[in-house]
Amino acid sequence: MSVRELSSADLVERAIDGNRRAIGRTLTLVERGGEIADQITELTHPAAKGSHVVGITGAPGAGKSTLTGQLIRHLPTLGLRPAVLAVDPSSPLTGGAILGDRVRMDDVAGDGGFIRSVATRGHAGGLALSVPGSVRAFDACGFDPVLIETVGVGQVEVDVAGAADTTVVVVNPGWGDAVQANKAGLLEVADVFVINKADRDGANDTRRDLELMLDLSHVSGHEDETGYRPPIIMTTATAGDGVQALWDAVTAHRTHLEATGQLEHRRAARFRYEVRSRLGTRFEASIIAATADLEPDGRSPAAVAVELAGHLLA
Ligand SMILES: Nc1nc2c(ncn2[C@@H]2O[C@H](COP(=O)(O)OP(=O)(O)OP(=O)(O)O)[C@@H](O)[C@H]2O)c(=O)[nH]1
Ligand SMILES: [Mg+2]
């Protein structure tokens, strides 16, 4: 029987048992915003315990996919079962590159890891809804950690940082790269910095720039009140250098979150954010429906809005 013909309860059960087709189909349904998402939270893998969600972001071409590919190869040797959510394949900027990534990463996905590419376009509610749903599905199927790769342009990476426990920001050697990351708002979301392509000139300069900016953000009061300072890890992803050091930094951050109670805080904030996004999507649909045939009737737009708000909330 094809997985398409299974009832959603049977499908979820198969996915939890590790059937790769069932996992893929489940993710497709979750991405479409189906009710299967609710069943997943009820029927979970015995190992599901709130997977460590790790966001990996940075400028186009920084080496995020190469690094993620190394992690998904390395983590099973530590007894872990990683999943990857690669966000943004529909972007006109990176469509081609991601296709290449997918081929490269699929090579290594056979050893128990699972890789999923997710489009940012054409989703009801967008990423804010589809990413947490996919993360829950991976968690339910016993994957831990869940790595989310996303290109650091615009709002997307901020949304993804919001979906992660630990956000890794990847920069490269070269004059101004750290400054660019700062401008893009990546400094604020970073829990761990990676200077990838450390085989190139200027890696130490970039480290110094980052340290300086971290010092300044401390002075201006942006540092974490628990005294956490994001470490800076040097990697050469193409050679696999620094991958264990990166993973050590990521797990140290997770330990810090647990020890300070911040993990619960972050997850509660995520919960609120998702509920808020879902409410927004629902209300938006109602608002569009309620105003579709509206004609001017001499009253002010504000007066009409107040009246309609009364109806919508009733
Ligand atoms: N020299 C050197 N090149 C690297 C390193 N890591 C990645 N690259 C190369 O940099 C290019 C981009 O790598 P990707 O892993 O695709 O980068 P990405 O950040 O995923 O790119 P997008 O998803 O398109 O934003 C590729 O040609 C890699 O081979 C490194 O450590 N050193
Ligand atoms: Mg990539």
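**Exercise 1. Place R254 in the predicted model and describe its surroundings.**

R254 is found in helix α11, where helices (H or I, at least four residues) and strands (E, at least two) are DSSP runs numbered from the N terminus. The model is a predicted one, in which local features need pLDDT of at least 70 and side-chain atom pairs count only at pLDDT 80 or more, while totals for chains, interfaces and linings use all residues. Residues are numbered from 1 along each chain as its sequence is written, chains are lettered from A and ligands numbered from 1 in the order in which they are written, and side-chain values use heavy atoms, with hydrogens and water left out.

The next step is burial, for which buried means under 20% relative accessible area, exposed over 50%, and partly exposed in between (1.4 Å probe, protein chains only). R254 has 16% relative accessibility and therefore counts as buried. Its contacts (heavy atoms within 4.5 Å), leaving aside neighbours within four places in sequence, are G50, S51, H52, D165, T166, L263 and R267.

**Exercise 2. Check the length of helix α11 and list its buried residues.**

The expected span of a helix is 1.5 Å times one less than its number of residues. For the 18 residues of α11 (residues 243–260) this should give 26 Å, and the end C-alpha atoms are 26 Å apart, so the two values agree. The buried residues of α11 are V243, L246, W247, A249, V250, H253, R254, H256 and L257. In general, an α-helix has 3.6 residues a turn, so residues three or four places apart point the same way. After α11 comes G261, which has a positive phi, near 80 degrees.

**Exercise 3. Describe T166 and its relation to α11.**

T166 lies in strand β5 (residues 166–171), and its relative accessible area of 0% makes it buried. Not counting residues up to four places away in sequence, T166 touches H52, V53, V54, G55, D191, V192, V250, H253, R254 and L257. The C-alpha atoms of T166 and L257 are separated by 9.0 Å, although these residues are 91 apart along the chain.

**Exercise 4. Which residues form one aromatic cluster with F114?**

A search of the whole structure gives three aromatic pairs; rings of Phe, Tyr and Trp (its six-membered ring) pair if their centres lie within 6.5 Å, and planes under 30 degrees apart count as stacked, over 60 as edge-to-face and the rest as tilted. F114 and F143 form a tilted pair, with 6.0 Å centre to centre and 55 degrees between the planes. Because F114 lies in strand β3 (residues 114–118) and F143 in the loop between α6 (127–140) and β4 (146–151), the pair ties together parts that are 29 residues apart in sequence. F114, at 8% relative accessibility, counts as buried, as does F143 at 1%. The cluster consists of F114, F138 and F143.

**Exercise 5. Which residues touch the most other members of the largest nonpolar core?**

A nonpolar core is a set of buried Ala, Val, Leu, Ile, Met, Phe, Trp, Tyr and Cys residues joined through side-chain atoms within 4.5 Å. The largest has 28 residues, of which L11, I23, F114, V131, F138, F143 and I148 touch the most other members. At least two residues each come from α1 (8–16), α2 (20–31), β2 (83–87), β3, α6 and β4, and α2 gives the most, with five. Leaving aside neighbours within four places in sequence, I23 is in contact with A15, G18, F114, C141 and F143.
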